[in-house]
Amino acid sequence: MKRLATAITWEELTALPADSVLLADVRDEVAFGHGTLPGAVRVDLADITAGRHALPRDRTIVCFCMRGVLSEEAADALTGQGWTARNLAGGYAQWLRGQMARQTADREKLDRIEASLRKNFRRELFTPFAQAVARYQLVAPGDRIAVCIS
C-alpha cells in the first residue's frame with residue numbers, strides 16, 4: 001500500500017515552531033496515561049480513520065504510537081481526509097530512547113559536578129552535617145535520606 005503521509009524524525013519535529021504542530025497520540029488510554037510526549041493529545045485511531053475527530057486544519061498533525069506503526073495508518077488517514085499529517089518515525093519508544101541518552105549525558109555531567117563539590121567543600125559542608133546527624137541521632141539504621149545543597 002502506498003503511504004500518503006511522510007515520516008518526521010524527533011530532530012526535525014523539534015526544529016519546527018511549536019505552535020505549527022499538534023502531537024496526536026493514537027495509543028490507548030492506558031498507554032497514554034503511563035506517559036506521552038510533552039503537549040500531546042490523545043486521539044482514538046478508530047475516530048481518525050472514520051473521520052470522527054475535531055483536529056485543527058491550521059497545524060500539521062504529527063501522529064505517534066509506541067513504535068510508529070499504528071500512527072502511520074493514522075497519518076495516512078488524515079492526509080487522505082485533507083489534513084497535513086506526518087508520522088513520528090520510531091514513535092514514543094524512539095523519543096524515550098533519545099530522552100534516556102540525554103539524561104545519561106546529563107548524569108555524567110552531574111556526577112562530575114558532584115565530585116567537584118565533594119572535593120572542594122567536604123570539610124565546610126559534609127563534616128558539620130555528619131557531626132549533627134551523629135550528635136542528635138537524626139538517622140536510624142535503615143533510614144533513607146537525601147541531601148540537597150543549594
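## Exercises on a predicted model

Phe129 belongs to helix 5, which covers residues 91–135. The model is predicted, and the exercises below work through several of its residues and elements.

**Exercise 1. State which nonpolar surface patch includes Phe129, and classify the exposure of Phe129.**

Solution.
- Step 1. Take the relative accessible area of Phe129, which is 34%.
- Step 2. Residues count as partly exposed between the limits of 20% and 50%, so Phe129 is partly exposed.
- Step 3. Look for its partners: Phe129 forms a nonpolar patch on the surface with Tyr136, Leu138, Val139 and Ile145.
- Step 4. Give the area: together these residues have about 500 Å² of accessible area.

**Exercise 2. Find how many disulfides there are, and check Cys63 and Cys65.**

Solution.
- Step 1. A disulfide needs two cysteine sulfur atoms within 2.5 Å.
- Step 2. With this rule, the count is zero.
- Step 3. Check Cys63: its nearest cysteine sulfur belongs to Cys65 and is 9.3 Å away, and Cys63 is in no disulfide.
- Step 4. Check Cys65: the nearest cysteine sulfur is that of Cys63, at 9.3 Å, and Cys65 is in no disulfide.
- Step 5. Add the exposure: Cys63 is buried at 0% relative accessibility, and Cys65 is buried at 4%.

**Exercise 3. Describe the surroundings of Asn87.**

Solution.
- Step 1. Locate the residue: Asn87 is in strand 5, residues 85–88.
- Step 2. Its relative accessible area is 6%, so Asn87 is buried.
- Step 3. Find a polar partner: a polar atom of the Asn87 side chain lies 3.3 Å from the backbone nitrogen of Glu72.
- Step 4. List the contacts, leaving out residues up to four places away in sequence: Asn87 touches Thr6, Ala7, Ile8, Cys63, Gly68, Ser71, Glu72 and Ala75.

**Exercise 4. Name the buried residues of helix 4 and what they pack against.**

Solution.
- Step 1. Helix 4 spans residues 70–80, and its buried residues are Ser71, Ala74, Ala75, Asp76, Ala77 and Leu78.
- Step 2. These buried residues pack against helix 3 (45–50), strand 4 (60–64) and strand 5.
- Step 3. Two of them, Ser71 and Ala75, also appear among the contacts of Asn87.
- Step 4. Just after the helix, Gly82 has a positive phi of about 105 degrees.

**Exercise 5. Find the salt bridges of the structure and classify the exposure of their residues.**

Solution.
- Step 1. The whole structure holds three salt bridges.
- Step 2. One of them joins the side chains of Arg27 and Asp25, with 2.7 Å from N to O. Asp25 lies in strand 2, residues 21–25, and is buried at 0% relative accessible area. Arg27 is buried as well, at 7%.
- Step 3. Another joins Arg42 and Asp44, whose closest N and O atoms are 3.2 Å apart. Arg42 is partly exposed at 26%, and Asp44 is partly exposed at 28%.
- Step 4. A further bridge joins Asp47 and Arg52, with the closest N and O atoms 3.0 Å apart. Asp47 is partly exposed at 25%, whereas Arg52 is exposed at 51%.
- Step 5. Return to Asp25 and set aside its neighbours within four places in sequence: Asp25 is in contact with Phe32, Thr36, Val41, Arg42, Val43 and Phe64. Arg42, one of these contacts, is the salt-bridge partner of Asp44.

Conventions
Residues numbered from 1 in each chain as written. Predicted model: local features only at pLDDT ≥ 70, side-chain atom pairs only at ≥ 80, totals over all residues. Heavy atoms only, no water. Patch = residues over 30% accessible without salt bridge, like charges linked within 9 Å, V, L, I, M, F, W, Y side chains within 5 Å. Areas by Shrake-Rupley, 256 points an atom, 1.4 Å probe, with all protein chains shown as cover. Salt bridge = Lys/Arg side-chain N within 4 Å of Asp/Glu carboxyl O. Helix = DSSP H or I, 4+ residues; strand = E, 2+ residues; numbered from the N terminus. Buried < 20%, exposed > 50% of the residue type's maximum accessible area, 1.4 Å probe, protein only. Contact = heavy atoms within 4.5 Å.
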